[in-house]
Amino acid sequence: MDLKAMCSLPWCIIGDFNDLLSQEDKKGQHPHPNWLSMGFTEVITECNLQDVKLEGYPFTWIKSRGTTRVVEERLDRALVTPNWADFFPNVCLLNLLASHSDHSPLLLQTDLVVVMRHSHSFKFENNWLKEPDIDEVVSNGWGLGTDGDVVDRLKLCADGLQRWGRRKRVRFKEKIQECGEEIELLQMYQDPPNSNRYKELIEQHATLLIQEEAFWKQRAKMHWLKEGDLNTNFFHMSAKIRGKARRVEKLLNDDNNEVSSQHELCDVAHKYFEALFRSEHSENNSVLDLIEPKITLEDNIELLKPITKEELRLALFQMHLDKSPGLDGFNVAFFQRFWSLCGDEIFEATKCWMDRGFIPSSLNKTNICLVPKCDSLKSMKDMRPISLCNVLYKMLSKLLANILKRCMSKCVSEEQSAFLEGRSIHDNALVAIEAIHAMKRKTKGWRGDLALKIDISKAYDRVD
């Protein structure tokens, strides 16, 4: 049996591979050769294997401990096939303490983690867009709310789609396999009834494959991939890896004690955000009075011009289809598909919101998603909170951002290297690298140089 055939079976291999996947797997002198890392990575990719995330200390082998020549590497790891990962979705690889050996022992745990059950809210599925009767369902739901506003109409659409979606739930792998087996049986028959059935099955099989890809692509969040040839396995694996990387199993509380139960984790998160988002009264007039106005009267007249429906449509179609939905469950793909149906009402509602200066409170509600900043999560500071806003809210924000772009270059100085189109925040890193490089090369003179690394991220995280 060849290697590819073996990798199609469910198995796991754990031990010393004597090679590294990246430079982050080594600490110490002499970087690991890139060609070796690339070769090891190519083998894992070619064999369709997954590297199980290591919990605890990131290195498993040490040499010359206690000297200035100490070297630490992660030579030991666990590689599993996608089929094996399906059997043990909550697998955990622990790095244990070693008494005498220069290698750390690894413990592979496959036990399930007890999680709190919760009710599933409505989420629009992109694979529904391939169903022939979805237009009728959305039209009926949108038409029922003629006496209400846009928010009420979306609520009626969500109720109708949720009931309709329960009947459309498909186990794609089983359904595709059944369809394929029936196609094979009908290939030998050429009579009209069987030929017509054969054509129906071919179309159904193609639709199921497209729907399965859309289902997993929506969960994989691989926005960089524009088009592909049914990358279902790639999206499926990416979605599983993404889910494991975002699972929070333990955190440090305010007393620096480690907690792992669902109730304790929720309590740590609640206290963290309660302190982070608490508004504190502050007086900034003394600073604002020193800022010279940049917007002229002509600019202000241009900014206050009434919006058009085309501007709102452009803001919607500039957003990515597979971005996560907000609290109402609708994503960008829904609004782009049914813009001809609901565009007029959304435009009129948006004009009304902008004229009166506030939006319905339900549109301002968001789900907070925690995105890890690093591989080893220890505290809430290691996670970045992302607000999942409703598409109507994001559409209005995008519209205002497009309007502000017209005069943003007047308000932001040339030294600010981010947040404007055509500028890159990586320029700051290049400047810092060049400055430190120049400091290292300085070997003459009595006057020294000093570099300060300051963390000011909290200035942007807090409400005020």
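**Entry 1: a surface patch**

I began with the surface and noted that L450, L452 and I454 form a nonpolar patch there, with about 400 Å² of accessible area together. I record here that the model is a predicted one. I then placed I454 in the sequence of elements: I454 lies in the loop between α17 (426-441) and α18 (458-461). I looked up its accessibility as well; I454 counts as exposed because its relative accessibility is 63%, and the cut-off for that class is over 50%.

**Entry 2: salt bridges**

I searched the whole structure for salt bridges and found 16. I examined D25 and R77, which form one with the closest N and O atoms 3.1 Å apart. I noted that this pair links distant parts of the chain, with D25 in the loop between β1 (12-16) and β2 (26-27), R77 in strand β7 (residues 76-80), and their positions 52 residues apart. Are D25 and R77 buried or exposed? I find D25 buried, with a relative accessible area of 12%, and R77 buried, with a value of 0%.

I next checked D51, whose side chain meets that of R77 in a salt bridge at 2.9 Å, N to O. D51 lies in strand β3 (residues 50-51) and R77 in strand β7, so this pair ties together parts that are 26 residues apart in sequence. I read D51 as partly exposed, at a relative accessible area of 32%.

I also looked at K442 and D449, which form a salt bridge with the closest N and O atoms 3.9 Å apart. I list K442 as partly exposed at 39% relative accessibility and D449 as partly exposed with a relative accessible area of 47%. Returning to shared partners, I recorded that salt bridges join D25, D51, R74 and R77 into one network.

**Entry 3: aromatic rings**

How many aromatic pairs does the structure hold? I obtained 14. I took up Y272 and F273, an edge-to-face pair with 5.3 Å centre to centre and 75° between the planes. The edge-to-face label follows because planes over 60 degrees apart are classed that way. I find Y272 buried at 18% relative accessibility, and F273 buried with a relative accessible area of 13%; the cut-off for buried is under 20%.

I then traced a cluster in which ring pairs link F122, F124, W128, W164, F330, F334, F335 and F338.

**Entry 4: a charge over a ring**

Lastly, I looked up R313 and F317. I noted that the charged end of R313 sits over the ring of F317, 4.9 Å from the ring centre.

Definitions and conventions. Residues are numbered from 1 along each chain as its sequence is written. This is a predicted model: local features need pLDDT of at least 70, side-chain atom pairs count only at pLDDT 80 or more; totals for chains, interfaces and linings use all residues. Side-chain values use heavy atoms; hydrogens and water are left out. Patches are made of residues with over 30% relative accessible area and no salt bridge: like charges are joined within 9 Å, nonpolar side chains (Val, Leu, Ile, Met, Phe, Trp, Tyr) within 5 Å. Accessible areas come from the Shrake-Rupley method with a 1.4 Å probe; for residues, only the protein chains shown count as cover. A salt bridge is a side-chain nitrogen of Lys or Arg within 4 Å of a carboxyl oxygen of Asp or Glu. Helices (H or I, at least four residues) and strands (E, at least two) are DSSP runs, numbered from the N terminus. Buried means under 20% relative accessible area, exposed over 50%, partly exposed in between (1.4 Å probe, protein chains only). Rings of Phe, Tyr and Trp (its six-membered ring) pair if their centres lie within 6.5 Å; planes under 30 degrees apart count as stacked, over 60 as edge-to-face and the rest as tilted. A charge sits over a ring if NZ of Lys or CZ of Arg is within 6 Å of the ring centre and within 35 degrees of the ring normal.
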